[in-house]
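Thanks for coming. I will put the structure up and then go through it piece by piece.

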Amino acid sequence: MTKLPDGRYVDDAPYDPQVSIQQLERRDLDAPNWVLVWRKFKTHKLGLVSGVFLLLCYLMLPFAGFIAPYGANERNSDHLYAPPQAVHWVHEGEFLGPFVYPITAEADLETFQWVFKPDTSTPMPLEFFCEGAEYKLAGLIKSDTHLFCAPDGATLFLWGSDRLGRDVFSRILYGAQLSLTVGLIGISVSFFLGILLGSIAGYFGGRIDWVINRVIEILRSLPELPLWLALSAAVPSNWGPVAVFFIISIILGILDWPGLARAVRAKFLSLREEEYVRAAEMMGASSGRVIRKHLLPNFMSHLIASATLSIPAMILGETALSFLGLGLRAPAVSWGVMLNDAQNLASIEIYPWTAIPMIPIIIVVLAFNFLGDGLRDSLDPYQQ
């Protein structure tokens with residue numbers, strides 16, 4: 001290569017008109033499949049950003065109690081429906097660092113509402129790595145240390161408080177632990193049943209295929225929402241939040257597997273006639289080995305993309321059930337449980353911050369959809 005005075009580089013090799021400029025390099029031909037997938041996925045900007053965002057969300061879940069300034073059900077009876085508070089840095093032209101103004105509640109005798117007024121003459125700096133409500137780090141280690149807290153004599157409601165004086169921001173962080181995890185558990189159940197039954201039906205065919213297809217058609221013919229309501233209502237009301245959480249996750253997974261099973265069956269029906277499958281069978285490979293080692297790997301790209309697109313449906317399913325009061329129940333905290341308190345339209349009109357839990361639901365569902373689109377495009381071996 002020769003560098004020209006204007007900064008450009010010129011190849012010194014003689015021009016060969018027989019060489020195609022689209023010819024693949026040796027490093028591309030020898031690269032592992034995951035390297036090629038990663039190169040393609042990096043070009044999908046929305047999918048890449050969504051993947052990083054979701055990774056940070058799931059890494060944050062074990063530390064939600066540390067990040068939240070209050071406990072999940074910690075109440076402040078003097079600040080019911082308190083509006084969101086701003087964090088300030090400069091007071092009367094002087095830099096003080098992050099601080100808040102204390103708010104006082106006054107009764108408005110005309111509207112019969114509490115009016116919260118900040119005392120702008122008294123800035124109160126935030127406290128960091130302070131003691132507060134007890135929580136379990138990663139669900140195992142007890143701790144009472146929080147990243148930041150409100151100073152003594154003041155409150156810190158970044159996104160306001162609800163009807164019981166509980167911090168909305170803190171409850172959204174705690175609610176993410178259940179709302180984001182329910183999708184992973186539900187998709188695990190759905191994929192186990194869908195792959196197992198779909199592969200058996202597609203590979204063996206015959207009477208087994210007929211029976212599994214009839215089960216799939218019966219389940220897909222049932223109205224989804226009434227079936228969710230009936231199964232959720234069957235959960236005993238005296239069960240604890242953890243037991244209800246797992247039951248709801250399993251219910252969502254059981255009702256979601258027919259679609260995946262039908263896709264797996266259709267793919268296996270075409271793949272089982274391929275020459276490499278016949279060769280493996282003639283060499284004495286068992287049916288389980290043929291399915292695990294030869295058929296499923298050729299279908300893995302579709303499974304991965306399908307998983308990322310199915311998790312949002314699980315999250316929305318839990319949110320809908322909890323919103324209707326038939327899913328997770330208090331004292332459990334999830335985004336659906338929080339939206340259950342925002343069913344009154346008059347309350348939302350007066351206190352709009354009670355509907356803030358809709359925002360993380362929308363953002364997370366969009367992120368999963370963008371990630372699924374990026375993975376589907378990058379894992380498709382037939383796309384140019």
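**Strands, core and charged pairs**

Strand β3 and strand β4, residues 94-100, run antiparallel to each other and pair over three bridges. One contact to look at there is H88, whose bridge partner in β4 is F99. Before I go further, a reminder that this is a predicted model.

These strands belong to an open sheet of three strands, in the order β3-β4-β7, and the pairing is antiparallel. The edges are β3, residues 88-91, and β7, residues 124-125; each has a single partner strand, so one side of each is left without a neighbour in the sheet. As a general reminder, strands of a sheet pair through backbone hydrogen bonds, in either the parallel or the antiparallel sense.

Next, the hairpin. Strand β5, residues 103-108, pairs with strand β6, residues 113-118, in the antiparallel sense over six bridges. A107 has W114 in β6 as its bridge partner. How many residues lie between β5 and β6 in the hairpin? There are four, and F112 in the turn has a positive phi of about 55°.

On to the cysteines. The structure holds one disulfide. C130 and C149 are the two partners, with an S to S distance of 2.1 Å. C130 sits in strand β8, residues 127-137, and C149 in strand β9, residues 141-149, so the link ties together parts that are 19 residues apart in sequence. The angle about the S-S bond is 105°, and the link is right-handed. Are C130 and C149 buried or exposed? Both are buried. Another cysteine, C57, also counts as buried, because its relative accessibility is 13% and the cut-off for buried is under 20%.

Now the interior. The largest nonpolar core has 79 residues, and the members that touch the most others are L180, L295, L303 and W335. Which helices each supply at least two residues of this core? They are α2 (33-42), α3, α5 (168-204), α8 (241-271), α9 (275-282), α10 (287-323), α11 (335-340) and α13 (358-379). Helix α5 gives the most, with 13 residues. In general terms, nonpolar side chains in soluble globular proteins tend to be buried together.

While we are on the helices, look at L321, which lies in helix α10. L321 counts as buried, because its relative accessibility is 1%. From L321 to I248 the C-alpha to C-alpha distance is 8.9 Å, with their positions 73 residues apart in sequence.

Not every nonpolar side chain is put away, though, and the surface has a patch to show. V52, L55, L56 and L59 make a nonpolar surface patch of about 390 Å². V52 lies in helix α3, residues 45-60. How accessible is V52? V52 is partly exposed, at a relative accessible area of 44%.

Last, the charges. A search of the whole structure finds five salt bridges. The general point is that side chains of opposite charge can pair when their charged atoms come close.

I will start with R171 and D162, where the closest N and O atoms are 3.8 Å apart. R171 counts as buried, at 3% relative accessibility. D162 is buried too, with a relative accessible area of 8%.

The second pair is R265 with D209, where the closest N and O atoms are 2.6 Å apart. Where do the two partners lie? R265 is in helix α8 and D209 is in helix α6, residues 206-221, so to speak of sequence, this pair links distant parts of the chain, 56 residues apart. D209 is buried, with a relative accessible area of 10%.

The third pair is R214 and E217, whose side chains meet at 2.8 Å, N to O. Both residues lie in helix α6, three residues apart, which is about one turn of the helix. R214 is partly exposed, with a relative accessible area of 26%, and E217 counts as partly exposed at 35%. Elsewhere, salt bridges that share partners join D162, R166 and R171 into one network.

That is the tour. I can put any of these views back up for discussion.

Conventions
Residues are numbered from 1 along each chain as its sequence is written. This is a predicted model: local features need pLDDT of at least 70, side-chain atom pairs count only at pLDDT 80 or more; totals for chains, interfaces and linings use all residues. Side-chain values use heavy atoms; hydrogens and water are left out. Patches are made of residues with over 30% relative accessible area and no salt bridge: like charges are joined within 9 Å, nonpolar side chains (Val, Leu, Ile, Met, Phe, Trp, Tyr) within 5 Å. Accessible areas come from the Shrake-Rupley method with a 1.4 Å probe; for residues, only the protein chains shown count as cover. A salt bridge is a side-chain nitrogen of Lys or Arg within 4 Å of a carboxyl oxygen of Asp or Glu. Buried means under 20% relative accessible area, exposed over 50%, partly exposed in between (1.4 Å probe, protein chains only). Two strands pair if DSSP finds at least two bridges between them. A disulfide is a pair of cysteine sulfur atoms within 2.5 Å. A nonpolar core is a set of buried Ala, Val, Leu, Ile, Met, Phe, Trp, Tyr and Cys residues joined through side-chain atoms within 4.5 Å.
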